[in-house]
Amino acid sequence: QVQLVESGGGLVQAGDSLRLSCTASGRSVSNYIIAWFRQAPGKEREFVARISWSDGSTYCADFVKGRFTMSRDNAKNTVYLQMNSLKPEDTAVYYCAATLRIFAIGSGYYNDRERYTYWGQGTQVTVSS
């Protein structure tokens, strides 16, 4: 079992930055992909970004490229989602998820939320205009 706990959400203004954290516990995640998804009211949960724990390689959805980046801290067993230039349309509950790495980081396999075994409880991000 892997437990994931997110933190760092909040209320910000358009153009501001936030950093979300996701801390993993339980079994080792060294062979896992850790991803961020988000879900806005009335919309489906969508992929945002992911990182391969083993080598730190990352992949982001097109709509966040140039604004959001992922990183990890092995010592803290934590991944981060740095969100810059936030927009009101980024308002959503952000979820951290984990799945075993099977394919390369860029594989579309990992865009599908159904591929992820473990999920955190989510953290709310609200961006006001």
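**Exercise 1. A bridge across the chain**

Work out which partner arginine 38 finds in the loop between strand E8 and strand E9, and how far apart the two are along the chain.

*Solution.* Step 1: arginine 38 makes a salt bridge with aspartate 90, with 2.9 Å between the closest N and O atoms. To count as a salt bridge, a side-chain nitrogen of Lys or Arg must be within 4 Å of a carboxyl oxygen of Asp or Glu.

A quick note on what you're looking at: this is a predicted model, where local features need pLDDT of at least 70 and side-chain atom pairs count only at pLDDT 80 or more, while totals for chains, interfaces and linings use all residues. Residues are numbered from 1 along each chain as its sequence is written, and side-chain values use heavy atoms, leaving out hydrogens and water.

Step 2: place the partners. Arginine 38 sits in strand E4 (residues 32-39), and aspartate 90 in the loop between strand E8 (78-83) and strand E9 (92-100), so this pair links distant parts of the chain, 52 residues apart. Strands (E, at least two residues) and helices (H or I, at least four) are DSSP runs, numbered from the N terminus.

Step 3: check the surroundings. Aspartate 90 is buried, at 1% relative accessible area, and arginine 38 is buried too, at 7%. Here, buried means under 20% relative accessible area, exposed means over 50%, and partly exposed is in between (1.4 Å probe, protein chains only).

**Exercise 2. The rest of the network**

Find out which residues are linked with Arg38 in a network of salt bridges.

*Solution.* Step 1: glutamate 46 also bridges to arginine 38, with the closest N and O atoms 2.7 Å apart. Glutamate 46 is partly exposed, at 31%.

Step 2: put the network together. Its members are Arg38, Glu46, Arg67 and Asp90. Searching the whole structure gives seven salt bridges.

Step 3: look at another bridge. Aspartate 55 and arginine 101 meet at 3.4 Å, N to O. Aspartate 55 is in the loop between strand E5 (46-52) and strand E6 (58-60), and arginine 101 in the loop between E9 and strand E10 (118-119), so the bridge ties together parts 46 residues apart in sequence. Aspartate 55 is partly exposed at 46%, and arginine 101 is partly exposed at 30%.

**Exercise 3. Two faces of a strand**

Sort the side chains of strand E11 by the face they point to, then look up its partners.

*Solution.* Step 1: recall the rule. In a regular strand, side chains alternate between the two faces of the sheet.

Step 2: apply it. In E11 (residues 123-128), Thr123, Val125 and Val127 point to one face and are buried, whereas Gln124, Thr126 and Ser128 point to the other and are not.

Step 3: find the partners. Strand E2 (residues 10-13) runs parallel to E11, joined by four bridges; strands pair if DSSP finds at least two bridges between them. Valine 12 has valine 127 as its bridge partner. E9 runs antiparallel to E11, with three bridges, and there alanine 92 stands opposite valine 125.

**Exercise 4. An open sheet**

Give the strand order of the open sheet of four strands.

*Solution.* Step 1: the order is E1-E3-E8-E7, with antiparallel pairing. Step 2: the edges are strand E1 (2-7) and strand E7 (68-73), each pairing on one side only. Step 3: zoom in on E3 (residues 18-26) and E8, which are antiparallel and joined by six bridges. Cysteine 22 stands opposite valine 79 there.

**Exercise 5. Rings that meet**

What is the arrangement of the rings of phenylalanine 37 and tyrosine 116?

*Solution.* Step 1: the structure holds nine aromatic pairs. Rings of Phe, Tyr and Trp (its six-membered ring) pair if their centres lie within 6.5 Å; planes under 30 degrees apart are stacked, over 60 edge-to-face, and the rest tilted.

Step 2: the ring centres of phenylalanine 37 and tyrosine 116 are 5.1 Å apart and the planes stand at 75°, so the pair is edge-to-face. Both residues are buried.

Step 3: move on to tyrosine 116 and tryptophan 119, with centres 6.2 Å apart and planes at 65°, so that pair is edge-to-face as well. Tryptophan 119 is partly exposed, at 27%.

Step 4: collect the cluster. Phe37, Phe47, Tyr59, Tyr95, Tyr116 and Trp119 form one aromatic cluster.
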